[in-house]
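Visitor: I'm new to reading protein structures. Could you walk me through this one?
Guide: Sure, let's have a look together.

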Amino acid sequence: IGSADIILHLPYPASTQNVIMNMQIGWAETPTDGVIEGNEVRWHFDDFEPGFDGPVQNMEFALVAPANWENILKEQDNVAKNPNDSEAWGRLAKSYKEIFLMSRGYRTDLGGEELYQLSIEAYEKCLALNPNDAQWHAGFADLLAKRAYWDSFTNGPTSDAYRALDEIHTALQLAPNDPKVLEIAETIFYMFPEGM
């Protein structure tokens, strides 16, 4: 085949955060070297043979579920309109966390790292505005602990693990009987029993 252009068109701006490249998700693995521009990701191939050994096989794309990404856009809009609303920042942090974390680990691609940092920043903003909200402290601890747990297999305890323990400790001091706080504390105890 002389050449082929493959264009993935999304209903919102494409980014490394919502198009997962250089990482396999389930059976899907987005082809590498896509060029992101506006709402599209484009690939160009020259002089290739189709088939399993060629650069173009069955085109598969690993994407954040559109409903989840649209929720991110909605929450970004909410914090832009209400920058002093701690709940809006907390919901944004949680939305980032939900697409960063996976059932067995977390996204290790560039977009995943960006989402992790964005989630941390949103949690920090939320808690700066309302430092006495136990559930958001627990939610922040959950993000940090889950990342630290998977990292501990290769790096041992990380600074994120210690920060997670500080956050869940604060949450337990603020609301020792809150069911959500206790649920997250139990999960963190499973991951870091000596720390708890």
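Visitor: Let's begin with Trp150. Is Trp150 buried, partly exposed or exposed?
Guide: Keep in mind that this is a predicted model. Buried means under 20% relative accessible area, and exposed means over 50%. Trp150 has a relative accessible area of 35%, so it counts as partly exposed.

Visitor: And what about Phe153, buried or exposed?
Guide: The cut-off for exposed is over 50%. With a relative accessible area of 55%, Phe153 is exposed.

Visitor: How do the rings of Trp150 and Phe153 sit: stacked, edge-to-face or tilted?
Guide: These two residues are three apart in helix 4, so about one helical turn separates them. Planes under 30 degrees apart count as stacked, over 60 as edge-to-face, and the rest as tilted. Here the ring centres are 5.8 Å apart and the planes are at 45°, so the pair is tilted.

Visitor: Which residues do ring pairs link into a cluster with Trp150?
Guide: Trp150 and Phe153 both belong to that cluster. The other residues that ring pairs link into it are Tyr149 and Phe192.

Visitor: How many aromatic pairs does the structure hold?
Guide: One of them joins Tyr12 and Trp69, with ring centres 6.5 Å apart and planes at 45°, so that pair is tilted. Tyr12 is in the loop between strand 1 and strand 2, while Trp69 is in helix 1, 57 residues away. Tyr12 is buried at 5% relative accessibility, and Trp69 is buried at 4%. In total, the number of aromatic pairs is ten.

Visitor: Over which ring does the charged end of Arg147 sit?
Guide: Look for the ring whose centre is 4.5 Å from that charged end. The ring belongs to Tyr116.

Visitor: In strand 1, which side chains point to the buried face?
Guide: The side chains alternate along residues 3–9. Ser3, Asp5, Ile7 and His9 point to one face and are not buried. The buried ones, pointing to the other face, are Ala4, Ile6 and Leu8.

Visitor: What is the bridge partner of Asp5 in strand 3?
Guide: Strand 1 and strand 3 run antiparallel, joined by seven bridges. Across from Asp5, the bridge partner is His44.

Visitor: Which helix gives the most to the lining of the largest pocket?
Guide: This pocket has a volume of about 280 Å³. Its lining has 13 residues, divided into three nonpolar, three polar and seven charged. Helix 2, helix 4 and helix 6 each give two or more residues to the lining. With five residues, the top contributor is helix 4.

Technical notes. Residues are numbered from 1 along each chain as its sequence is written. This is a predicted model: local features need pLDDT of at least 70, side-chain atom pairs count only at pLDDT 80 or more; totals for chains, interfaces and linings use all residues. Side-chain values use heavy atoms; hydrogens and water are left out. On a 1 Å grid over the protein atoms alone, a cavity is a set of points where a 1.4 Å probe fits but cannot get out, and a pocket is an open set with protein on both sides within 12 Å along at least five of seven lines; lining residues have an atom within 4 Å of a point. Grid points are joined across faces, edges and corners, and a volume is the space filled by probe spheres set on the points. Helices (H or I, at least four residues) and strands (E, at least two) are DSSP runs, numbered from the N terminus. Ala, Val, Leu, Ile, Met, Phe, Trp, Tyr, Cys and Pro count as nonpolar, Asp, Glu, Lys and Arg as charged, and the others, Gly among them, as polar. Buried means under 20% relative accessible area, exposed over 50%, partly exposed in between (1.4 Å probe, protein chains only). Two strands pair if DSSP finds at least two bridges between them. Rings of Phe, Tyr and Trp (its six-membered ring) pair if their centres lie within 6.5 Å; planes under 30 degrees apart count as stacked, over 60 as edge-to-face and the rest as tilted. A charge sits over a ring if NZ of Lys or CZ of Arg is within 6 Å of the ring centre and within 35 degrees of the ring normal.
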